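Me: I am new to this structure and would like to go through it by question and answer. Please show it to me before we start.

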Amino acid sequence: MAKTLTQEFVKGLWEEVPPFRLVLGLCPVLAVTTTVENGIGMGIATTFVLVCANTLVSLLRNIIPSRVRIACFILIIATFVTLVELLMQAFAYPLFLALGIFIPLIVVNCVVLGRSEAFASKNRPINAIADGLGIGIGFTLSLGALGAVREVLGNGTFLGMEVFGPSFVPFTFMIEAPGAFVGLGLMLCIMNFIGKK
Amino acid sequence: MGDYIVLIIGSIFINNIILAQYLGACPFLGTTKKMETAVGMGFAVVFVMTMAAIITWVISTFFLTKFGLQYLRTIAFILVIASLVQFVEMFLRKSIPSLYAGLGIFLPLITTNCAVMGVCLININEEFTFIQALVSAISYAIGFGFALILFAGVRERIVLGRVPKPLQDTSIALVTAGVLSMAFFAFRGMA
């Protein structure tokens, strides 16, 4: 093992942070980041699926025949997504309603399948957990950051609290679809700019 | 009949699957660097999305709802889509090799295209009848292909321009997608 557990964990936070460095799993990123709360909720749900799926895939990596591996991975991921769906329906109903069809769509989030295929199927369970946690937390933070930008500019609030006072006119462009694309594009630009130095 | 026209226009323009509903953003960015790949992906999606919508509608209505198994929806749908994609791939390779050569590489990518699964879920959530589900799937797929081809055209021009270094590639593509999405935004006045 060339990399230690900490390295596996930390790489998900900056070096390979999903929606920015690996341009994967964009749909939920664009769709649910209208508020910080939704963004983080989605991030946590995805992290849970990512860690569980990574663990199970890694445990079964010597049993799954390589020709049908993608189908097996998808089945494993779908199982955990269903679990998250039912758990959220039971314990976080408002969030469940706000995220709508994007919870079942975690199944087709390329980040999750990508980690199963590229990492978990080749590494020990403990490394796979570290990798899943790192990527998941990186994903959550990115969603939270984009959610913060869009909520503050588009709605004048942060986590539901007023930021600018009553005279602020909300920049509604940011919470609509075009704002999502432009916001993510500019954040990617800033990341590239910092990364280059 | 009027309802169907509203549904068709609504699905292609007003609720465009990529630019207004944010589904299928990965292939939208991944396959639009060249016009040919965008066209190929567009056709592959029309094909798979229509078939997937038909099959998932039947499964959901006649099996899952009938036996009270709605919670298995996610698993059932993804399995249907994954096996459908495999089947279509094998079928095309055997019987229509020319089409396979065109669409071949895009088919496996469709399994993880959230637009396909998204449309199936929308059809069920909206409680569409069979014909409505079919019409909406075809219209959404056309809207998907339409957005892909438009965007590919724009991106082919961007390559020729001088883009600042940090903005290059995906970053400028996203900002452009935002502008395109703004254009589609204008269709909302029609709703």
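Me: What share of the exposed area of chain A do carbon and sulfur atoms supply?
Reply: This is a predicted model, so the areas are computed from predicted coordinates. Chain A exposes about 8700 Å². The part of that area supplied by carbon and sulfur atoms is 71%.

Me: And what share belongs to carbon and sulfur atoms in chain B?
Reply: The accessible surface of chain B comes to about 9000 Å². Carbon and sulfur atoms account for 70%.

Me: Which pattern does chain A follow along the sequence?
Reply: Chain A has eight helices and two strands. The two strands stand between the seventh helix and the last one in the order of elements. Written out, the pattern is α-α-α-α-α-α-α-β-β-α.

Me: Why can chain A be called as compact as a globular protein of its length?
Reply: The globule rule gives 16 Å for 197 residues. Chain A is close to that value, and therefore counts as compact as a globular protein of that length, with a radius of gyration of 18 Å.

Me: What are the spans of the C-alpha trace of chain A along its principal axes?
Reply: The trace has one span for each principal axis. They are about 60 × 45 × 25 Å.

Me: What percentage of chain A counts as buried?
Reply: Buried here means under 20% relative accessible area. Chain A has 197 residues, and the part that counts as buried is 52%.

Me: How many helices and how many strands does chain B have?
Reply: Read along the sequence, chain B has α at every place in its pattern, α-α-α-α-α-α-α-α-α. The secondary structure therefore comes to nine helices and zero strands, counted as DSSP runs.

Me: What is the radius of gyration of chain B, and what does the globule rule give?
Reply: For 191 residues the globule rule gives 16 Å. Chain B is close to this, so it is as compact as a globular protein of that length. Its radius of gyration is 17 Å.

Me: What part of the contacts in chain B with a separation of 6 or more comes from residues 24 or more positions apart?
Reply: The contacts counted here are those with a separation of 6 or more. In chain A, residues 24 or more positions apart account for 73% of such contacts. In chain B the figure is 78%.

Me: How many salt bridges are there over all chains, and which residues form them?
Reply: The count comes to two salt bridges over all chains. In one, the closest N and O atoms are 2.9 Å apart, and the partners are Arg69(A) and Glu117(A). In the other, also listed at 2.9 Å from N to O, the partners are Arg115(A) and Asp131(A).

Me: Which helices hold Arg69(A) and Glu117(A)?
Reply: The two residues are 48 residues apart, and their pair links distant parts of the chain. Arg69(A) is partly exposed at 29% relative accessibility, and Glu117(A) is partly exposed at 24%. Arg69(A) lies in helix H4 (residues 69-91) of chain A and Glu117(A) in helix H6 (residues 110-118) of chain A.

Me: Are Arg115(A) and Asp131(A) buried or exposed?
Reply: Arg115(A) lies in helix H6 of chain A and Asp131(A) in helix H7 (residues 125-155) of chain A, so their pair ties together parts that are 16 residues apart in sequence. As for accessibility, both Arg115(A) and Asp131(A) are buried.

Me: Which side chain of opposite charge is nearest to Glu89(B)?
Reply: Glu89(B) lies in helix H4 (residues 73-95) of chain B. Neighbours within four places in sequence aside, Glu89(B) is in contact with Tyr100(B), Leu107(B) and Pro108(B). A salt bridge requires nitrogen and oxygen within 4 Å. Glu89(B) is buried and has no salt bridge, since the nearest side chain of opposite charge is 4.9 Å away, that of Arg93(B).

Me: What is the phi of Tyr22(B)?
Reply: Most residues other than glycine have a negative phi. Tyr22(B) lies in the loop between helix H1 (2-14) and helix H2 (25-30) of chain B, and is buried with a relative accessible area of 10%. Tyr22(B) is not a glycine, yet its phi is positive, about 60 degrees.

Me: Is Glu127(B) buried or exposed?
Reply: Glu127(B) also has a positive phi, near 55 degrees. The residue sits in the loop between helix H7 (114-125) and helix H8 (130-158) of chain B. With a relative accessible area of 68%, Glu127(B) is exposed.

How values were computed: Residues numbered from 1 in each chain as written. Chains lettered and ligands numbered in written order. Predicted model: local features only at pLDDT ≥ 70, side-chain atom pairs only at ≥ 80, totals over all residues. Heavy atoms only, no water. Helix = DSSP H or I, 4+ residues; strand = E, 2+ residues; numbered from the N terminus. Rg over C-alpha atoms; globule rule 2.2 N^0.38 Å. Contact = heavy atoms within 4.5 Å. Areas by Shrake-Rupley, 256 points an atom, 1.4 Å probe, with all protein chains shown as cover. Buried < 20%, exposed > 50% of the residue type's maximum accessible area, 1.4 Å probe, protein only. Lys, Arg positive; Asp, Glu negative; His and termini not counted.
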